[in-house]
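Open the model in your viewer and keep the sequence panel beside it. The stops below say what to select and what is there.

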Amino acid sequence: MSIEIRNISKRFGNFVALDNINLDIPTGELVALLGPSGCGKTTLLRIIAGMESADQGEILFSGAEATHLHARDRNVGFVFQHYALFRHMTVFENVAFGLRVKPRKERPSDAEIKRRVMELLGLVQLDWLADRYPSQLSGGQRQRIALARALAVEPKVLLLDEPFGALDTKVRKELRRWLRRLHDEMHISSVFVTHDQEEALEVADRVVVMNHGKIEQIGSPDEVYSAPASPFVYQFLGNVNVFHSRVQGGYAEVERHEVSEKTTAFVRPHDIDIALQPLEDGLQATVQHVHPIGPLVRIELQHNSEIVEVELSRERHEALQLVVGQAVWFRPRQMRVFGADQLPRSTPEKQAFLF
Amino acid sequence: MAAKTHRVLPGFGLALGYTLVYLSLLILLPLGGMILKASELGFGQIVDIALSERSLAAFRVTFGASLIAALINGFFGLIVAWILVRYPFPGKRFVDALVDLPFALPTAVAGITLATLYAGNGWLGRYIEPLGFKVAYTPWGIVVALTFITLPFVVRTLQPVIEDIETEVEEAAASLGASRWQTFVKVIFPAIFPALLTGFALAFARAVGEYGSVIFIAGNLPLISEITPLLIISKLEQYDVLGATALAVVMLGLSFILLLAVNVLQWWTANRHKNNEPLEVTAARAGGAA
């Protein structure tokens, strides 16, 4: 089932949670709503689920108007950050709940319910826990049960609100991969909310980056990471070095055309080269800190009064053997420049960083 | 050397000792004295006094009216608590404060007020009696008084528990297709049922012991609307201390058994999904299939 979101706005008092949102989610796609807390992503998800009503705009399910449909009539599976399992029911009864509350005519027989629930528990690999109560399960197990419960009513759309937010890193990684597989097997549309950029980039077909109730960019994980549409997206997705003064003052292109426009250049830490000898177009700096972090080594350079963050591979670091206080030269391999209007400026790669 | 368990807050021994002394002085000592006094009578004599026609009728009225009052409050108290927690409305704080009034009002005042209201010429009585319902000076008057007195117990026990219910759980039920009624019956009610039982037990216990309000509205006819506490008082007035003590001991025993039963039920409903073996054991048995 496809979802179309048309001009949705929502306020809470004076706070604008969503400001004229338009978004199409085609059938079968796994979409991530990514943004910092308070950006409106959860509100949007709850409006799709029918748990919150929009002030303006409409929601269409498969082209049919669904704006005022009650949550129970939307055929939407919802997974909460804190699981929201029914504490007084066994795992089996939790998963069976959606089937048991169906009107008498549509309700499957007890034997059929048992078969379907055990099948779902098998799917989430927890069939051996059917008689347990939620309080006896670990966080990861609870979230898998919550997923099985949501899938029991065969929803056309699966909505997940920070589904792995309360879990530890290892379990989170495992469940991510597993969610991706599940989504592909079930042939449904899924929307999940997250503030974790790594999670969004790894799992989703498409990432919707939101900030202050607006959509900043919609694109594939690769697009939003390598071609961010705004400074916000650049800064939210991964670490970045921001160069203000240098681009404004020493940037060759700008000076040559006598344009006094204020621009900002963004460079990812892993897009910077370091050399021990002077580089053409390079800048001199002093090594301030060396932090080995897993497979990477993070170097902090000081150039004039500014700190520049650089990430090197372990091999590269071993070749360079940097020590604190050492003088080095650095040069960005690629960068992106935004104007004062926050729109990207195209710049000839080579000349972009002439100082 | 035995390992000493470490606690963050010190003073467990002192606090436990204090608790035991406190409970002994306040509860065990007076009740023990009463049982000692009753033991001057033989077991047969106690049974004789308890099974006399008048005593039996009084027990029936006391426990019967208390049970009905606690049931009424179990139902309406739940509604009041639900409304007070879930819905904002003007004057909510005022209504919330009203709930505590039966705690504060002298029970005799409550009894006299209710008797005046429900008497044949009272504000309510004059409309009810022509319909064939006589409330004041009948056992129904006792039920009315006990319902009034015990309302706060159910409401105040339920309020924090209803506040604790996550709205997410209701939203989850709705997204799974449950109607409002199904959500209440299958999701919310099981969560508040243990607290409802506690409130019910408290209300019932309070009602069994109530004296002040009842005697003004009951009419106090022996065999019909006489409660056991009143019978005890009238025995005392006739200097039949042993008879009064015998009744008191029987009442104590009955109350204790009933409260114990309710508590066991309450404990069972609250804990049946918490115990069992720890998960690790199960995981190990399943061969780490997780």
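Does Leu279(A), with its C-beta neighbours inside 10 Å, count as buried, partly exposed or exposed, and why? Select Leu279(A) and keep in mind that the model is predicted. Leu279(A) counts as partly exposed because it has 15 C-beta neighbours inside 10 Å, while a buried residue needs 20 or more and an exposed one has 12 or fewer.

Stay with Leu279(A) and show the elements on either side: the residue sits in the loop that links strand 13 (272–275) to strand 14 (283–293) of chain A. Next, add Trp329(A) and Arg331(A), which Leu279(A) touches when residues up to four places away in sequence are not counted. Then select Arg74(A) and draw a C-alpha to C-alpha distance to Leu279(A): the two are 61 Å apart in space and 205 residues apart in sequence.

Now select chain A and colour it by domain: domain 1 covers 3–229 and domain 2 covers 241–353. Taken over C-alpha atoms, the centres of domain 1 and domain 2 of chain A are separated by 40 Å. With the C-alpha trace of chain A in view, its spans along the principal axes are about 80 × 45 × 35 Å.

Switch to a cartoon of chain A, where eleven helices and 19 strands can be picked out. Of the 355 residues in chain A, 39% count as buried. A contact map of chain A adds another view: among contacts between residues at least 6 apart in sequence, 65% join residues at least 24 apart.

The next selection is helix 2 of chain A, residues 91–100. Seven of its ten residues are buried, so helix 2 of chain A is largely enclosed by the rest of the structure. Show the side chains of Val91(A), Asn94(A), Val95(A), Ala96(A), Phe97(A), Gly98(A) and Leu99(A) where present; these are the buried residues of helix 2 of chain A. To see what covers them, add helix 3 (110–123) and helix 4 (139–151) of chain A, which are included in that cover.

Finally, bring chain B into view and select its contact with chain A, which takes 22 residues from chain B and 26 residues from chain A. On the chain B side, helix 9 (167–175) and helix 10 (180–209) each supply at least two residues. Helix 9 of chain B gives the largest share of that side, six residues. Colour the side of chain B that touches chain A by residue class: twelve residues are nonpolar, six polar and four charged.

Technical notes. Residues are numbered from 1 along each chain as its sequence is written. Chains are lettered from A and ligands numbered from 1 in the order in which they are written. This is a predicted model: local features need pLDDT of at least 70, side-chain atom pairs count only at pLDDT 80 or more; totals for chains, interfaces and linings use all residues. Two residues are in contact if their C-beta atoms, placed from the backbone, lie within 7 Å. Helices (H or I, at least four residues) and strands (E, at least two) are DSSP runs, numbered from the N terminus. Ala, Val, Leu, Ile, Met, Phe, Trp, Tyr, Cys and Pro count as nonpolar, Asp, Glu, Lys and Arg as charged, and the others, Gly among them, as polar. Domain bounds come from an automatic or database domain assignment.
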